[in-house]
Amino acid sequence: MEFLGYPRADGRWGARNHVAVISSVVCANGVVQAIARAVPEVKPITHTEGCGRGPADLQIAVRTLIGLGKNPNVAGALVVGLGCEFTKADMLAGAIAASGKPVETISIQDEGGSVRAARRGVEIARRLVAHATMIERRPCGWDALAVGLECGGSDALSGITANPMVGVAADWLVAAGGTVLLSETTEMIGAEALLAARAVDPRLGRALTDLIQAQHQRAKEMLGPMADLVISPGNMDGGLSSIREKSLGCIIKGGTSPIQQLVEYGETPSRKGLVIMDTPGSDIFSLTALAAGGAQVMIFTTGRGTPAGFPLAPVIKVATNHELFARMNDDMDLNAGVILDGVSIGDAGRDLVDFVQRVSNGELTKAEINGNDLLAIHTTGPSF
Amino acid sequence: MAAKFNAIVIHPDDNVATVTEAVPDGGSIYAPGLALTARGEIPALHKVAIRRIAQGDPVFKYGQFIGAASVDIESGQWVHLHNFQAEGK
């Protein structure tokens, strides 16, 4: 199957063709929601950031919002600002527009209030939707695809059924010239030496080691004696003998390719192949970063079950076991539990590749069907 | 399939499998291309040696080194903290 993507002016290809209406700041969320009620074809992007944060967190918010706007799944964007915020709508829109897609802005203060701002936003949104509907899928290579990987609500089977199955799909995409984004630094603790050894150069290897060890230190400072429990909940009784073994069960999602690059939260990689993104383990914060980094499709393994999806990109949910696949079938796309019946990891992985290809070409995931559009931007410090 | 599978070997280089259910002493352990008998009880989702691992030899899971045997481990024996030194605790 070939990838039929939506062509973008910057040479990238979308697996979806969304119009994003983006709050530049939390204060604009109401207007964004009003626009989305009037023009249900758009995807509202609301969040809690944009002002009243330290410089590091403002930087993360700016990078994330620009990255979301530039995601190839976005055909056009309207950025709605309040006016006095730090993350100005014009600044975000200018950076998104560098990708060549249509981007417009409105300021609630300049428009004379939320009612007028919403009215003008609806007009703009309708124009952007009309533009988007003119774009048609065209054949392109799988090298144009970036897939983000996530696990959440893990269970003892995550590391032996679903995550190895995802690793097969990751290796396929890297071999096809595409990009795989492996996230969740917390889940790499103990495996830093193994990851460093797979880095394409020693400097990257050292950077990975430093990052993961710093994350381990931060976990200990934040959680004290709880740290090891959080890092390895019930692991020893569950059959795991070390944090390294647990982390191996997580990073196997990324397959076996060399590691090409380490990027920050929400940063778009400059290289293809397997890339590590520094994100927290918390699901929605991580999905947001992966989409901001350009992932057009995401794969999410879960043992306990979660409905999580993302507004701008399909999230493929892989259940680790039969019981979950049956119990939360409305939220689950694939069942890695078949590996327990003797289906090989390779065969299960090839079924996942087939599904990734179909989803990239337009088949809806359960999270899309259910409208489970969740988004949260990571912060490192308090608001003030 | 002749027997119900109850173990998973994740990587061809691995010398341990993970059992998907508790296996009693003398019980059968089956995975695609693998059949062995448990020597001692193996708790659900724990590791079992699929060949002999001599004291000091590496234990591989995910095709990766996860520790070394602290005593001789026979094929079919439970592998956990009591008989191997885990790496990267």
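A residue counts as buried if 20 or more other C-beta atoms lie within 10 Å of its own, and as exposed if 12 or fewer do. The exercises below apply to a predicted model.

**Exercise 1.** Determine which residues of helix H5 of chain A are buried, and where around the helix axis they lie.

*Solution.* Step 1: by the cut-off, the buried residues of H5(A) are A:Ala117, A:Ala118, A:Gly121, A:Ile124, A:Ala125, A:Leu128 and A:Ala132. Step 2: these residues span an arc of only 130° around the axis, and therefore lie on the same side of H5(A). Step 3: an α-helix has 3.6 residues a turn, so residues three or four places apart point the same way. Step 4: on the face turned away from the buried side, H5(A) carries the exposed residues A:Val115, A:Ala130 and A:Thr133.

**Exercise 2.** Identify what covers the buried residues of H5(A), and describe how this helix is placed on the sheet.

*Solution.* Step 1: the cover includes strands E3, E5 and E6 together with helices H1 (29-38) and H4 (108-111) of chain A. Step 2: helix H5 (residues 114-133) packs on the sheet, where it touches E3, E5 and E6 of chain A. Step 3: the direction of H5(A) makes about 170° with that of E5(A).

**Exercise 3.** Establish the strand order of the sheet and its edges.

*Solution.* Step 1: the four strands of this open sheet follow the order E4-E3-E5-E6 in chain A, and their pairing is parallel. Step 2: E4 (43-45) and E6 (103-107) of chain A each pair on one side only, and are the edge strands. Step 3: three bridges join E3 (residues 18-23) to E4 in chain A; A:Val21 has A:Pro44 of E4(A) as its bridge partner.

Key
Residues are numbered from 1 along each chain as its sequence is written. Chains are lettered from A and ligands numbered from 1 in the order in which they are written. This is a predicted model: local features need pLDDT of at least 70, side-chain atom pairs count only at pLDDT 80 or more; totals for chains, interfaces and linings use all residues. Two strands pair if DSSP finds at least two bridges between them. Helices (H or I, at least four residues) and strands (E, at least two) are DSSP runs, numbered from the N terminus. Two residues are in contact if their C-beta atoms, placed from the backbone, lie within 7 Å. Axes are lines fitted to C-alpha atoms, for helices over the stretch in contact, and angles run from 0 to 180 degrees between N-to-C directions. The arc is that of the directions from the helix axis to the C-beta atoms.
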